[in-house]
Structure formats: C-alpha cells, structure tokens
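Got the model open in your viewer? Here is a walk through it, one selection at a time.

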Amino acid sequence: MAAIEFAEETRQQAERIGSADIVIGLAGSASADELRTRAAQIVPQLGPNFASLRIVVAWPSPGAESAGASPDLNGSNLPTFFPFTPQAGSSGDFWAPVSAHQRAVLALAASLNARICIVLGPDLAALDAHTIQLFAYAVLERQCGLVMPIYSPGKYDALINTGILSPLHRALYGKRIRFPLAFDFAVSGSVCSRLAGIAASNHNSNALLWPVTVAATDTSPIAVGQIHLDAHHQAAAGGLDLSAVLSQLAGSLFQEMDACAAHWQRIRGSQPSPIWGNAPTDAADGQPIDSRPMLDSFVLGSKNLDEVWRLVLPPNTLLELRRLTRLPPEQFLMPDELWAGIVYDFALAWRLRTISRAHLLGALTPLYLGWVASWVGEVSSLTRAAAEQRFEKLAHAWEDRKPYLLSRWRWPDRFNP
Amino acid sequence: MWDQVKQSLFGSMGRAMESLARLLPGILAFIVALLLFLFIGWVLAWFVRRVLMALHFDERMSHGANTIAEWSPRLTPSQLVGRVVFWCFFTAGVMVGVSAFEAGSSENIVSGWILGYVPHIIGAAILLLAGNVLARYVSRSVLIAGVNLNLSYARLLSIGVRWMILVLTGAMVLDHLNLGSNIVELGFGILFGGIVLALALAVGLGSRDLVSRSLEREASRAIEEQQQPERIHHF
C-alpha cells in the first residue's frame with residue numbers, strides 16, 4: 001500500500017517522539033495556544049487508567065513549530081504536542097481538506113505505532129475528557145476497530161446525512177451507523193495503517209475518507225461501535241452553496257459505491273452496532289419551519305429539469321414526482337420508497353455516466369429539497385426522539401428497496417429510460 | 001439523311017460508353033481503396049481500444065473535474081479514441097480512393113478539386129461536432145445552475161445560450177466551407193445580434209415584471225434570512 005509522504009521535519013519530529021499509546025489528532029488547523037491549554041487541562045482528568053499511557057496531540061500547522069512535551073506540572077502525565085506540516089492536497093472545498101487531515105493524522109498514528117488514534121474536529125468541540133474516555137474504552141476495552149460518533153443534532157440539522165448519507169450507507173454496507181461521515185472518530189492501531197494506506201493509494205487526492213466503508217469492505221472483519229457525543233460542529237461551507245456541498249458528498253459516496261460494488265451487493269439487511277455513552281435528554285423543540293421555499297425549489301426543478309430527470313429516472317417515478325408538484329404544501333409528502341428509489345437511480349446514472357456527472361449531481365439538488373420539505377413537514381410535530389424513530393423507518397425503507405438497486409445495477413440494459 | 005442521323009447517334013453513344021469505360025476502372029479502384037481502408041481502420045480501432053483498456057486509460061482520464069467523460073458521457077475515452085482512429089482511416093481511404101480514381105481514369109480536374117476541398121470538409125465536420133457538444137453541455141449547465149439559483153427564467157437563459165452557440169457554430173462552419181461568404185457573415189451578424197438583443201429586451205423589458213418579482217423574492221428571502229437565522233442545517 002502506498003504511504004502518505006510527510007515533510008522532512010514532520011518525519012524527524014515523529015522519529016524524535018518514537019512511539020505513543022494514544023494519538024489525538026485534529027482534522028484541521030487550530031489555535032495552538034487554546035489546544036495546548038485545553039489538552040493540558042483534560043489529560044489529567046482522564047483518570048488513573050491513562051496515567052501510564054503516552055499521549056500525543058497532533059494537528060496540522062502550516063508554520064509548524066517544533067514538537068515537544070509540555071512542562072510537567074504537579075507530576076501529572078501531560079501530552080506531547082506535535083504540530084505537523086500539512087501535506088499537498090489538503091486544500092480544496094468543504095470536506096476535502098477535512099478528509100486529507102484525517103488521513104494525515106491516521107498515518108502519523110500508524111508511524112508512531114499508536115494503540116488508538118482519536119481524530120477530532122478542529123473546532124475542539126469534542127475535545128473533552130469524557131469523549132476521550134469513551135473512545136478509549138470502546139477501542140481498548142471492547143476491542144472495536146472503529147468507533148463512530150452519534151451526535152445529537154436538532155430535527156432540522158444534518159439533513160444531508162439523514163436523507164442520503166446515513167440510510168444509503170446503511171443499506172449498502174449493512175451497518176447501522178448514524179453518522180458515517182464525521183469529524184470525530186477513533187480507530188485501533190491496526191486499522192490506522194489500513195485506513196491511511198487505502199486512502200493514500202487512491203489517485204484522487206480530493207477523495208473523501210469513509211471509515212465505515214473501509215471497515216465494512218476490509219478482508220478481515222473490523223468491529224464497529226458508536227458512542228454518544230455531545231458536541232455540535234458547524235461544518236464551514238466556505239461560501240459554497242447547497243448544490244456544491246451536496247455534489248461533493250453524494251458524489252463521493254457514489255464513487256465509493258462504484259468502487260466497492262463487489263462487497264455491498266452481497267450484503268442483505270443491516271446489523272446494529274454496540275453503542276456506549278448516554279444519549280442526550282430530549283431538548284425542547286423550536287417552532288415549525290416554513291417549507292415553502294424548499295417546495296418552490298422542487299416545483300421549479302420539476303418544471304425545468306424534466307429533460308434531465310427523464311434521462312435518469314424511470315417513468316413511474318417521474319409520474320409520481322409530477323403528482324407531488326400538484327399537492328398543496330400542507331399535504332406534500334414524499335414517500336420513503338420513492339426517495340430511496342430516486343437516489344438509487346442517481347447512483348446508477350453516476351456509474352453508467354448517463355449524463356455528465358456534474359450535471360447529474362446538480363440535478364439532484366431540487367429533488368433533495370423536495371425531500372427536505374417533506375421531512376420538515378413530517379417531523380415538525382414530533383419530538384427529537386420521535387424524529388429518530390422516523391429516521392429508522394426511513395432507513396428500513398431504503399433497505400427494503402435495495403433489491404431494486406441490485407437488479408438495475410446488474411442488468412442496466414433491461415431498463416433504460 | 002437518316003443514315004447520317006443514325007451515324008451521329010451511334011457515334012455519340014459509342015463515345016459516351018467509351019468515357020464510362022474509361023471511368024469505370026477509376027471508380028472500382030476508389031471503391032476497393034475505400035473498403036480496404038475501412039477494414040484497416042476497423043481493425044486498428046479495435047486494437048487501439050484494447051490497448052487503451054489494458055492501460056486503464058478510462059480510469060486515468062476520469063480523474064478530476066472537466067474530463068473528457070464530462071463532455072461526452074455516453075462514450076468512454078477509449079471508445080472516443082477508437083472512433084477517431086476509425087474516421088481518420090476512413091478519410092485517408094477517401095483520399096487514396098480519389099487518387100486511385102484519378103490514376104485509373106486520367107481525370108485530373110475532379111480529383112484535384114476533391115482533394116483540395118476535403119480538408120475543409122473535415123474541419124467543418126469537426127467544428128460542427130464540437131459546436132454541438134459545447135452547446136448541449138453549456139446550455140444544460142446554465143439550466144441546472146439557474147434552477148438551483150431559483151431563477152424562474154432559467155430555461156429561457158438556457159435556450160438562448162444554446163442557440164447563440166449553435167448560430168456561431170453554423171457561421172463558422174459555412175465560413176470554413178467557403179460557402180456564402182459575405183451573405184453568411186451578414187446573416188450571422190444580424191441573427192446573433194438579434195438573439196442577444198431579444199434576450200436583453202426579454203430580460204430588461206418584456207420579462208421585467210417576472211424578473212423584478214423573482215429578484216424581489218430573492219431579496220426578501222435574504223432579508224428574512226438576516227432577520228431569522230437559518231434554522232435548517234443541511235450538514
């Protein structure tokens with residue numbers, strides 16, 4: 001497997017450090033002073049189990065200072081701080097640099113022979129003692145190779161994940177992971193090098209890192225767990241509009257789908273993964289949201305993009321969409337099976353290159369906004385827990401629709417709109 | 001007198017048959033040369049496709065944005081290269097066939113004219129193909145971007161862009177073929193300018209209400225978003 005190439009000074013610093021038990025890495029640049037202060041406060045709070053463990057905190061820093069241990073205060077075991085030079089290819093839009101930094105942290109952890117690597121978001125929202133304890137417990141005590149977070153977003157948050165990433169990932173790879181693409185996750189030492197190596201061998205340096213896909217498709221089974229994480233990240237879209245964000249995320253997932261077709265075609269249903277930590281208490285819900293702007297976007301798309309959708313979607317789906325455009329806003333409801341079928345058809349069109357991939361993903365945006373309008377209408381009267389139950393129903397519908405995807409994937413010529 | 005008429009008729013028929021007989025070897029040589037080059041072109045195109053597939057040419061060309069596959073999604077890059085090879089040999093076959101016709105029939109005028117004009121035809125065909133591909137790609141890009149920006153006149157913009165590119169392409173093709181010359185230039189200028197003027201009038205005057213409503217909607221949405229922070233977070 002190809003290895004990630006680091007700058008000479010980073011390699012020298014890694015050699016000076018030698019090895020570590022726990023590597024905590026950030027998937028982006030952060031304020032060094034704040035990071036040092038927070039880490040120095042948190043590590044002593046981890047408890048006696050961590051007293052004998054060697055902890056390294058790494059983060060990308062363009063003007064990398066030299067690594068070194070923080071002064072030993074009151075005899076407590078404080079971490080070693082390791083700012084490293086970001087690699088080429090860690091620029092880009094939205095999630096691409098996050099993935100690049102995650103890969104770099106994993107490669108560093110592998111070079112330091114770490115027993116566990118914890119990757120966190122650069123905003124330090126998840127950097128607290130409880131999170132590190134939970135991750136370490138899941139990996140070191142419960143032998144999980146990969147531990148993903150379960151955030152506690154609001155009903156109207158993380159909708160791309162709720163509507164596309166999570167149910168599609170679950171239907172394909174059979175693992176009930178709520179957030180397959182996350183700022184924060186932890187991997188065991190053996191999985192570090194596999195994740196970093198697989199990512200490095202990908203010729204496209206802008207490809208996103210999907211840890212659960214790697215875990216699900218690896219030749220030797222990797223146990224995947226989840227922990228409840230009370231952290232609220234705000235993904236900086238950097239001025240990108242929804243269409244660009246959706247294109248990057250959905251496009252990357254379709255790319256993975258194409259590359260791992262031999263694996264997910266054999267999987268049926270899904271299995272729950274162990275979850276640790278306490279789910280947050282159900283917060284009070286806000287006022288309902290007006291879904292009319294999203295509905296308007298969907299109707300506009302239906303009127304203008306029919307010639308594009310006709311190349312991707314089957315006739316009965318198009319009829320159903322036309323029927324939906326005639327419904328009044330209060331009755332607008334996109335069935336789960338219809339939405340799952342639409343995304344499957346787009347994934348197939350991606351593979352077959354029915355139209356330009358950039359156009360394909362751009363044409364998905366009005367459909368996604370139609371689903372959002374439907375979802376917002378449904379969950380506005382539900383509590384957050386009830387909305388999660390509603391998501392479970394959505395995910396089951398995606399799994400039930402998988403045979404449709406399989407038949408179209410294997411025999412695309414049987415139906416060609 | 002009738003004998004003389006008969007003599008003239010038979011004489012002219014004989015001369016016509018003689019001319020045809022003189023042309024026949026050339027025509028046969030043209031057909032044989034064309035068929036031979038078609039066969040060679042087909043074999044080489046197949047071979048080139050196989051070699052490119054073995055070299056993973058399609059995967060290499062599909063990395064990054066704005067690749068060949070984006071412009072012609074139905075044909076893989078290796079298929080495109082194969083087709084180019086085939087049509088190159090077809091063109092070569094036509095030119096060799098014309099030379100063979102010239103050698104076989106001793107007719108220099110036709111072959112000279114055809115050989116001189118073939119490069120223009122090839123150039124015009126390439127221009128036409130490129131213009132059509134560009135028009136389709138750009139118009140669809142404008143349509144999708146316009147819809148995602150909630151522009152109600154996105155389709156109008158897309159059609160206008162497509163026709164502008166097609167008109168420009170048509171004018172360039174005719175100019176390349178040396179057809180029409182001044183008339184084509186004048187016609188193109190009037191038509192192209194007319195399309196641009198029509199679009200400008202449609203946006204500025206004819207669709208004034210539509211555009212102003214659309215802009216007002218966008219502006220009020222922006223103000224509402226400033227007054228009420230965005231409550232939906234897609235990611």
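Select A:Leu229 and show what surrounds it. Is this residue buried or exposed? A:Leu229 has 27 C-beta neighbours inside 10 Å, and 20 or more is enough to count as buried, so buried is the answer. Keep in mind as you look around that this is a predicted model.

Where along the chain are you? A:Leu229 sits in the loop that links β8 (224-228) to α8 of chain A. Now light up its contacts, skipping anything within four places in sequence: you should pick out A:Ala126, A:Thr131, A:Pro149, A:Ile150, A:Tyr151 and A:Asp184. For a distance check, draw a line from A:Leu229 to A:Gly121: C-alpha to C-alpha it spans 12 Å, with the two positions 108 residues apart in sequence.

**Next stop: strand β1 of chain A**

Select residues 22-26 of chain A, which form strand β1. Five of the five residues are buried, so the strand is largely enclosed by the rest of the structure. Turn on the side-chain directions and you can sort them into two sets: A:Ile22, A:Ile24 and A:Leu26 point one way, while A:Val23 and A:Gly25 point the other way. That fits a general pattern: in a regular strand the side chains alternate between the two faces of the sheet.

Which strands pair with β1(A)? Add residues 55-60 of chain A, strand β2, which pairs with β1(A) in the parallel sense over four bridges. To find the register, look for A:Ile24, which stands opposite A:Val57 in β2(A). Then trace the chain from β1(A) to β2(A): the path goes through helix α2 (residues 32-42) of chain A, and this β-α-β crossover is right-handed.

Now add residues 116-120 of chain A, strand β5. This strand runs parallel to β1(A), and five bridges join the two. Here the pair to look for is A:Leu26, opposite A:Leu120 in β5(A).

**Zoom out: chain A as a whole**

Colour chain A by secondary structure and you will have 16 helices and nine strands on screen. Of its 417 residues, 50% count as buried. Among the contacts in chain A with a separation of 6 or more, 84% come from residues 24 or more positions apart.

Switch the colouring to pLDDT. The average for chain A is 85, and 87% of the residues score at least 70. Go carefully over residues 66-76 of chain A, where the pLDDT is below 50; this stretch still has 20 contacts in the model beyond near neighbours in sequence.

**Colour by domain**

Give one colour to residues 8-276 of chain A, domain 1, and another to residues 292-410, domain 2. Their centres, taken over C-alpha atoms, are separated by 30 Å. How many residues touch across the boundary? On the domain 1 side there are 23, in contact with 25 of domain 2.

Stay on the domain 1 side and select α5 (159-173) and α8 (242-259) of chain A, the elements that give two or more residues to this surface. The largest share, nine residues, comes from α8(A). Coloured by residue type, this side divides into 12 nonpolar, eight polar and three charged.

**Across to chain B**

Bring up the contact between the two chains, which takes 32 residues from chain A and 23 residues from chain B. On the chain A side, the elements giving two or more residues are α5, α8, α10 (292-304) and α14 (357-379). Which one gives the largest share? Select α14(A), which supplies seven residues. The chain A side as a whole divides into 16 nonpolar, 13 polar and three charged residues.

Now hide chain A. Chain B has eight helices and zero strands. Of its 235 residues, 17% count as buried. For contacts in chain B between residues at least 6 apart in sequence, 69% join residues at least 24 apart.

**Last stop: B:Gln79**

Select B:Gln79, which lies in helix α4 (residues 77-105) of chain B. This residue has 16 other C-beta atoms within 10 Å, so B:Gln79 is partly exposed. To finish, draw a line to B:Asp58, 21 residues away along the chain: the two C-alpha atoms are separated by 9.2 Å.

Notes. Residues are numbered from 1 along each chain as its sequence is written. Chains are lettered from A and ligands numbered from 1 in the order in which they are written. This is a predicted model: local features need pLDDT of at least 70, side-chain atom pairs count only at pLDDT 80 or more; totals for chains, interfaces and linings use all residues. A residue is buried if 20 or more other C-beta atoms lie within 10 Å of its own, exposed if 12 or fewer, and partly exposed in between; C-beta atoms are placed from the backbone. Two strands pair if DSSP finds at least two bridges between them. A crossover is right-handed if, with the strands pointing away from the viewer, the path from the first strand over the helix to the second runs clockwise. Domain bounds come from an automatic or database domain assignment. Two residues are in contact if their C-beta atoms, placed from the backbone, lie within 7 Å. Ala, Val, Leu, Ile, Met, Phe, Trp, Tyr, Cys and Pro count as nonpolar, Asp, Glu, Lys and Arg as charged, and the others, Gly among them, as polar. pLDDT is the predictor's confidence in each residue, from 0 to 100.
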